[in-house]
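This report describes how two pairs of helices pack, what lines an internal cavity, and what surrounds one tryptophan. Please consult the sequence and the structure shown here while reading.

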Amino acid sequence: MGSTQGQDITERKQVPDALRESEERYRKLVEGMLEGVAYCRMLYDDRGHPVDWIYLNVNSSFGKLTGLHDIIGKRVTEAIPGIEKLDPELFEIYGRVVSSGKPELFESEIKSLRQWLKISVFCPEKDHFVAVFEDISVRKQSEERLRSLISKLSAANRDLSQFAYVASHDLQEPLRMISSYLQLLSSRYSGHLDKDADEFIGYAVDGANRLQRMINDLLAFSRVGTRGKPFAKTDVGVVLNLALTNLEVAIEESDAKITYGNLPTVDADEGQLLQLFQNLIENAIKFRSDKPPAIHVSAERGEGEWVFSVKDNGIGIDPKYRDRLFVIFQRLHSAAKYPGTGIGLALCKRIVERHSGRIWVESELGKGSTFRFTIPDKMEGPIAGDLETEIISPDQEKKVS
């Protein structure tokens, strides 16, 4: 009998000891949190609307994050004067959680504290709630700076595209007139003037033609972002074959040999991908060595992306000029030796960047070049370049208005 009583007493003593240990464990757990924690009781008006709450307990991080100290037993309207007018959404959300019993997670600019907080709130018992929060002011300031930067960048892109459009589109008509009169001059007076005059007319006609090509290329460059089509599943093998068909004459004349391996299907603008491959292969044919061009196109699986390569056996590129390659109108060779406007690789770069990829070259003089570019598996978020708006000329604007 005595033994049974002793066992009952021991068990009764163990229960409060276990409770104290549990409470101490959870107290240390809450105190050790970097997030602020507040345990509160909601107060209501006569109509049952939440109008205030009392702080029953807070952890040490609460004071560090908010600057509020010695507030246990105080009402929030006493601890933070004016909070009911500055931050009415807190009363609404906390009241809703207490009423429904469903937890909520939200971010809010707490004007009364001049802070952005991420708050998780739940109801542990009737008319009570626990709010766990962290200060996200620094993150929000960074996001605001990023939004401002994107806005400025978008405006700069629009200005650049407007300039490119005006410089290319609105120059077309006067250039056509100059070119027409030069050709008329050449046809009527060629052989009737001295040799120097014929030569000068030829230079003028050639210059007008080159300027026309530059303007057309500049217009194409400015339209990468504004005239691009939505991305769709695109078979790269089909696109490459279209590019080779378009380059059939150049391939035959140069006796080029084009090979390629298995190519994937990617999310892309088919028209721009065609232009990309066509420019890179055309470049490989143009900058060939004494040997017939041998060009190989391949694709390798990367981490979350495909890495495409266009490898040739051409004249190669001095590594010191790599930074100039993708700059608009930058040329490494004379136009007399290698015709072109110097915009092809800049256009390739713009297309790749619109597809959220990267482009670079690996090359040495006399050892050929390998141009590589990446395309992600899946496009997520806004597409680079599509922040721009469609550009119209001043004359078109007048017609619209």
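Helix H11 and helix H13 (residues 344-354) pack with their axes 9 Å apart, at an angle of about 145°. The model is predicted: local features need pLDDT of at least 70 and side-chain atom pairs count only at pLDDT 80 or more, while totals for chains, interfaces and linings use all residues. Residues are numbered from 1 along each chain as its sequence is written, and side-chain values use heavy atoms, with hydrogens and water left out.

**Helix packing**

Helices (H or I, at least four residues) and strands (E, at least two) are DSSP runs, numbered from the N terminus. Axes are lines fitted to C-alpha atoms, for helices over the stretch in contact, and angles run from 0 to 180 degrees between N-to-C directions. H11 passes H13 in a left-handed crossing (the near helix is turned anticlockwise from the far one by less than a right angle; clockwise is right-handed). In H11, the residues that meet H13 include Leu276 and Leu280, and among their partners in H13 are Leu347 and Ile351; contact means heavy atoms within 4.5 Å.

H11 (residues 270-286) also packs with helix H9 (residues 236-246): their axes come within 9 Å and cross at roughly 55°. H9 and H11 are therefore oblique to each other, a term for angles that are not under 35 degrees (roughly parallel), over 145 (roughly antiparallel) or 65 to 115 (roughly perpendicular). The crossing of H9 and H11 is right-handed. Val239 and Leu240 of H9 and Phe277 and Ile281 of H11 are among the residues that make this contact.

The table gives the classes of residue in both contacts; Ala, Val, Leu, Ile, Met, Phe, Trp, Tyr, Cys and Pro count as nonpolar, Asp, Glu, Lys and Arg as charged, and the others, Gly among them, as polar.

| Contact | Nonpolar | Polar | Charged |
|---|---|---|---|
| H9 with H11 | ten residues | two residues | one residue |
| H11 with H13 | seven residues | five residues | one residue |

**The cavity**

The largest cavity is lined by 20 residues, of which Trp53, Tyr55, Phe62, Leu90 and Tyr94 lie nearest its centre. A cavity is a set of points on a 1 Å grid over the protein atoms alone where a 1.4 Å probe fits but cannot get out, and lining residues have an atom within 4 Å of a point. By class, the lining has 18 nonpolar, two polar and no charged residues.

**Trp306**

Trp306 is found in strand S10 (residues 305-311). The C-alpha atoms of Trp306 and Leu263 are separated by 9.6 Å, although the two are 43 residues apart along the chain.

Methods
On a 1 Å grid over the protein atoms alone, a cavity is a set of points where a 1.4 Å probe fits but cannot get out, and a pocket is an open set with protein on both sides within 12 Å along at least five of seven lines; lining residues have an atom within 4 Å of a point.
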